[in-house]
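Thanks for making the time this morning. I would like to walk you through one structure, beginning with its internal space and then turning to how some of its helices pack.

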Amino acid sequence: MYKDYNIDNVKNKVLIDINGNGKIINWQEKKLKTLELASSYKRLGEQFESKYYRVKDCGTFLEYKRFKEDNSLKLNQANFCKVRLCPMCSWRRSLKIFGQVSKVMDHISSNKEYEYLFLTLTTKNCTGEDLKKIIDNIFNAFNKMTKRKKYKQSIKGHFRALEVTHNLNVNSNSFDTYHPHLHCILVVNKSYFQGGGKTYISQKEWTSLWQSCLKVDYTPIVDIRKFEDRQGKGIEKSIAETAKYTVKSDDYIVRDDITNEIIETITDDAVLILDHALARRRLTAFGGILKDIHKELNLDDTENGDLVNTDNEDLREDLDYIIERYSWNIGYIQYLKVD
């Protein structure tokens, strides 16, 4: 697909972006995944022509501020497509969600009267044909649950996010099925855990409540746990769970286990199913006191907002910097600095 260019000739121009934890961000890998999705949209035909071009061109231009003080980089501009399944935009959106939920939780954690729960709500696996209908039911069931008397008297705020996994284990009885589920962060009063309190909801009660709202004839798996050690990794880990990609690219860009070649038929089928099932939805949402804080902090929209500034980076406008621009080079298959 690409010419065999010698990367040694341009090593001094290759983008090296290191995050605050000292980890190199692999923009090349993320861009290649977007091109794989674009190829699937192209194979799917005329109805996806617009998305093909948008995804194909996503992230072809990156502009950075390089700060003179420590030589670090901060993304300043980029051309992101915002297509729901785009791997690069999904990554940026996940960073944004993590940043915003962290800011909201940092704000509310100063109130010592609150405790926090991490809730996972599931359904049975479903076929691709039924995925859209099942996701409809999940969102309707969650909205019903938030209006139930027990929930309203116990839960002061929430953040919820949808995740969909695709079972690609050929040895499984549920091969090529989808598993949509919700990850939620809940805010409760400290009195929630006091013995004999009327607001406490047990694991069994959560399960019964979710089953009732889902209106299913089976017992769904529900996991509920208290955040541990707010000064340590407990709350951070749970925030990271809610900030996962809605769908990972490995769930729709399907490869042969031996050759590592893309299996186009399964890939295109998965892209078609997921694109249709996730279209025009709010996949994340704040509620109650967390929604109020999100508004108070004047934070951007988590799904349709700016994907350059992800709300988890420190502003450094007072420091001197120079502008560096990089573009995607299809010959070298790499981001190279523009002279």
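**Internal space and helix packing**

The largest cavity holds about 160 Å³ of space, and I should say at once that what you are looking at is a predicted model. When the whole structure is searched, one cavity of 30 Å³ or more is found. Its lining is made up of 17 residues, and those nearest the centre of the cavity are R84, R93, Y245, T246 and L283.

Which element gives the largest share of that lining? It is α3, with four residues, and both α3, residues 87-108, and β6, residues 155-167, supply at least two residues each. If we sort the lining of the largest cavity by class, we count nine nonpolar, four polar and four charged residues.

Staying with α3 for a moment, its axis comes within 10 Å of the axis of helix α9, residues 288-296, and the two cross at roughly 105 degrees, which means that α3 is roughly perpendicular to α9. On the α3 side the contact is made by Q100, V104, M105, H107 and I108, while α9 brings I289, L290, I293, H294 and E296. Taken by class, this contact of α3 with α9 has six nonpolar, three polar and one charged residues.

Let me move on to a second pair of helices. The axes of helix α4, residues 131-147, and helix α6, residues 203-214, come within 8 Å and cross at roughly 120 degrees. Why do we call α4 oblique to α6, then? Angles from 65 to 115 degrees count as roughly perpendicular and those over 145 as roughly antiparallel, so the crossing angle makes α4 oblique to α6. The crossing of α4 and α6 is right-handed.

As for the residues involved, N137, I138, A141, F142, K144 and M145 of α4 meet W206, L209, W210, C213 and L214 of α6, and by class this contact has nine nonpolar, one polar and one charged residues.

Finally, a word on a pocket, as opposed to the cavity I began with. The second largest pocket contains about 300 Å³ of space, and among the 16 residues lining this pocket, L168, V254, R255, D256 and D257 are the closest to its centre. Helix α1, residues 27-44, contributes the largest share of this lining, namely four residues. The lining of the second largest pocket divides into eight nonpolar, one polar and seven charged residues.

I will stop there and take your questions.

Technical notes:
Residues are numbered from 1 along each chain as its sequence is written. This is a predicted model: local features need pLDDT of at least 70, side-chain atom pairs count only at pLDDT 80 or more; totals for chains, interfaces and linings use all residues. Side-chain values use heavy atoms; hydrogens and water are left out. On a 1 Å grid over the protein atoms alone, a cavity is a set of points where a 1.4 Å probe fits but cannot get out, and a pocket is an open set with protein on both sides within 12 Å along at least five of seven lines; lining residues have an atom within 4 Å of a point. Grid points are joined across faces, edges and corners, and a volume is the space filled by probe spheres set on the points. Ala, Val, Leu, Ile, Met, Phe, Trp, Tyr, Cys and Pro count as nonpolar, Asp, Glu, Lys and Arg as charged, and the others, Gly among them, as polar. Axes are lines fitted to C-alpha atoms, for helices over the stretch in contact, and angles run from 0 to 180 degrees between N-to-C directions. Angles under 35 degrees count as roughly parallel, over 145 as roughly antiparallel, 65 to 115 as roughly perpendicular and the rest as oblique. A crossing is left-handed if the near helix is turned anticlockwise from the far one by less than a right angle, and right-handed if clockwise. Contact means heavy atoms within 4.5 Å.
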